[in-house]
Amino acid sequence: MAITRPKGTNDLLPPGSPKLSPVTSAAAHIWLTETARRVLERAGAQRIDTPVFEEAELVKRGVGDSTDIVRKEMFTVYYFGDHGGFILRPEGTAAIVRAYLQNGLKQLPTPLKLWTSGPIFRAENVQKGRYRQFHQVDYEVLGSADPLVDAEAIALMVDVVRELGLKEVRVKLGSIGDPADREAYNAYLRELFTAHLDRLSDDSKDRLTRNPMRILDSKSEGDQDLIAELSVKPMLDFLGDEARAHFEAVQGYLKDWGVPYDLDPSIVRGLDYYRRTAWELHHEGVGAKSALGGGGRYDGLAEILGGQATPGIGWAFGVERLLLALEAEGVELPQTEGPLLYVVALDEANVPHAAKIAIDARAVARTEFAYRAMKPGSAFKDAERRGVRWIALLGSQEIENGTLSLKNLQSGEQRVIGVSELAAFLEAEKQTSNFSHNPQPTPHNPTPQESP
RNA sequence: GUGGGUUUAGCUCAGUUGGUUAGAGCGCCGCUCUGUGGCAGCGGAGGCCGGGGGUUCAAGUCCCCUAAUCCACCCCA
C-alpha cells in the first residue's frame, strides 16, 4: 500500500467494512455524539463550535506552560497561508472561553451552558484508547461559581453515560482547592518527600518539582510503600474554608439527586487552570488508563486569557474511550438501517423507469435502485446484502400493467400494487416499527441469520 | 522520549531443521439459476511474504537497519 494515514489517526468507516470496530465506525461516532447532544440540550446547553486550530499562545497561557500538553503534546502548524504560530487544539476549554470573551457571550442569560464535539490533537505515542487525533464531547458552563452548577455538570456527565447504556462507570470526585490551598499542599508534599528523596522512583523525583500531587498515584511499588509509611495527608485536609464549603455543597446536591460517586483525594488535574471541584469518570476496559473523561472548575481561566473574570466549569469525554467502554461491556450499538425500498429493473430498457420510480419515492422514504438490469435471482441476493426491506421488481409485465411486484425480504410477503399507490404504501410501511437490519455483519463475528 | 510484541491474499491466519510454480477459511466475482434471496455444489480473480541491506548454491524462513501497527511506561481523553 503506497500511502497510509498518519500515525495515531483513524478512518471512520461505513457499515460492513472489514476493519470496522466501535472506534472506527462512523455510525457509532454519530450515534454517540447525537446521544450526548440529546442529553445536553434537554438540560439547556447550546451548541458552540470553535476552529480546530488556534493561536499557540491561547493554549500556552490557558493550559499552562508546565503541562505535558504544552511541553510535548502540541502539534504546531508552523506555516499556514500567510501566518504561522498556530496549533491544532489539544483540548476544548480554552478555545470556548476565548470564544465566549471574544464574541461578547456574557450578554446571554447567565449562566451560559455550552457544548461542542469534534477532533482534538495531541502529539503522543499511540496505545489502546489513545490517539493523536481523537474526538471529545465537551460541556462548559460559564458565568457561575455556584456549587449547584458543579453538581449539575457531574450529574449530566453521568446522564450521558447512562443514556449510552454504560453501567460499570465510577465517578471519582475530589477538590484541588483554591490556588493558595494547592500551593500549601504542594509545599507540604515537597517538604515531606524531599526528606526521602533517595527512596522515590526516578519518575517521582521529576514529579516532585513539576507536580508533586502526581506522586500520590504513582505506579511504583516503592513510591506507594513510602506514601503508606509517611501516612501522607490528602489534599482535602488543606482546603480553605470557602473551598471546603463549596465542595461539601457539591456533594450534598449529588447525594440529594442520587448520583453515586467515590471521594478520591488523589484526583489531580493535568491542566493548570483548574481549581476546586475536579472529577473523573472511570471504566475498566479502555486500556491502561481507565479515564473516560474528566472535568473541573476553572474560575481563573478567563482572566489568564486576558478577559474579564468569569467563573467556569466543564468536562470532556473521549469519544473513542466511551466506544471502547461500550464494547467492553458488550453494549450493542444501534445498527444501520438499509433502504425501505429497492427498485430493480429486469431489462436494461426498464432501468430508467426504475430510477424514476425510486427517485420519486424518496419524497416519502429511503429508496435505492439498481443501475443495471438484473435477473431476479441476482436482484434478491443484491437486495439482501444491502439490507433492503422491500424489493420492487420491474419487468415487462409490470410496465404493461402499471404495477410493481413487491416482496418483503424479511417476511417473504409478496404483493402487487399500482405505481400510483407506492407513496401511500411506503408511508404506511414507514410507521411499522423496530425495523433493524445489519446489512453486512462483520465477517469474524457473524450474526446468525434468522429464518422467516 | 522509553520498552516489548507483531507484519504472508480484501479479512483472520498457517507455512517444518533455509530447498521446486506460496496455502487455508471467510469475503469477492462467475456458473448451476431467462421472474423469486439467504443454503449447497462447481469454477475464477486476487500475493514485490511491510521496505532496504546482508549471509548463503538457495531466504517468507537466518542477521542488521528502517517503517507501520499493537501493547505498556511517562502523561492524558
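Q: In which loop does S411 lie?
A: S411 is in the loop that runs between strand 15 (403-408) and strand 16 (414-418). Helices (H or I, at least four residues) and strands (E, at least two) are DSSP runs, numbered from the N terminus. The model is a predicted one, in which local features need pLDDT of at least 70, side-chain atom pairs count only at pLDDT 80 or more, and totals for chains, interfaces and linings use all residues. Residues are numbered from 1 along each chain as its sequence is written, chains are lettered from A and ligands numbered from 1 in the order in which they are written, and side-chain values use heavy atoms, with hydrogens and water left out.

Q: Why does S411 count as buried, partly exposed or exposed?
A: Buried means under 20% relative accessible area, exposed over 50%, and partly exposed in between (1.4 Å probe, protein chains only). S411 has 43% relative accessibility, so S411 counts as partly exposed.

Q: How far apart are the C-alpha atoms of S411 and P111?
A: They are separated by 53 Å, with the two positions 300 residues apart along the chain. P111 is also in a loop, the one between helix 4 (93-102) and strand 5 (112-121).

Q: What kind of peptide bond joins T110 and P111?
A: The bond is cis, with omega at about -5°. Most peptide bonds are trans.

Q: What is notable about phi in R276?
A: Phi of R276 is near 55°, which is positive although the residue is not glycine. Most residues other than glycine have a negative phi. R276 belongs to strand 9 (residues 275-282). With a relative accessible area of 12%, R276 is therefore buried.

Q: What is the overall make-up of chain A?
A: Chain A has 15 helices and 16 strands. The C-alpha trace spans about 95 × 55 × 50 Å along its principal axes. Of the 452 residues, 48% are buried. Contact means heavy atoms within 4.5 Å. Among contacts between residues at least 6 apart in sequence, 69% join residues at least 24 apart.

Q: What makes a set of residues a nonpolar core?
A: The members are buried Ala, Val, Leu, Ile, Met, Phe, Trp, Tyr and Cys residues, joined through side-chain atoms within 4.5 Å. The largest such core here has 86 residues, and L40, V137, F193, W279, W315 and F317 touch the most other members. Helix 5 (residues 147-164) gives the largest share, 11 residues. Apart from this core lies another, of 22 residues, including V351, A354, A355 and A365. In soluble globular proteins, nonpolar side chains tend to be buried together.

Q: Which residues does W315 contact, leaving aside neighbours within four places in sequence?
A: Among them are L40, V137, W279, A153, L156, M157 and V160.

Q: Why is helix 1 called parallel, perpendicular or oblique to helix 5?
A: Axes are lines fitted to C-alpha atoms, for helices over the stretch in contact, and angles run from 0 to 180 degrees between N-to-C directions. Angles under 35 degrees count as roughly parallel, over 145 as roughly antiparallel, 65 to 115 as roughly perpendicular and the rest as oblique. The axes of helix 1 (residues 26-41) and helix 5 come within 9 Å and cross at roughly 135°. That makes helix 1 oblique to helix 5. On the helix 1 side the contact includes W31, L32 and L40, and on the helix 5 side L156, V160 and L164.

Q: How do you know the relation of helix 1 to helix 11?
A: The axes of helix 1 and helix 11 (residues 319-328) cross at roughly 105° and come within 11 Å. Helix 1 and helix 11 are therefore roughly perpendicular to each other. The contact is formed by A28, H29, W31 and L32 of helix 1 with V319, E320, L322, L323 and L326 of helix 11.

Q: Why does L226 count as buried or exposed?
A: L226 has 0% relative accessibility, so L226 counts as buried. L226 sits in helix 8 (residues 221-230). Neighbours within four places in sequence left aside, L226 is in contact with F193, H196, R199 and L200. The C-alpha atoms of L226 and H196 are 8.5 Å apart, at 30 residues apart in sequence.

Q: Why does Q136 count as buried or exposed?
A: Q136 has a relative accessible area of 10% and is therefore buried. Q136 lies in strand 6 (residues 133-142). Not counting residues up to four places away in sequence, Q136 touches residues including E91, T116, R122, F317 and V319.
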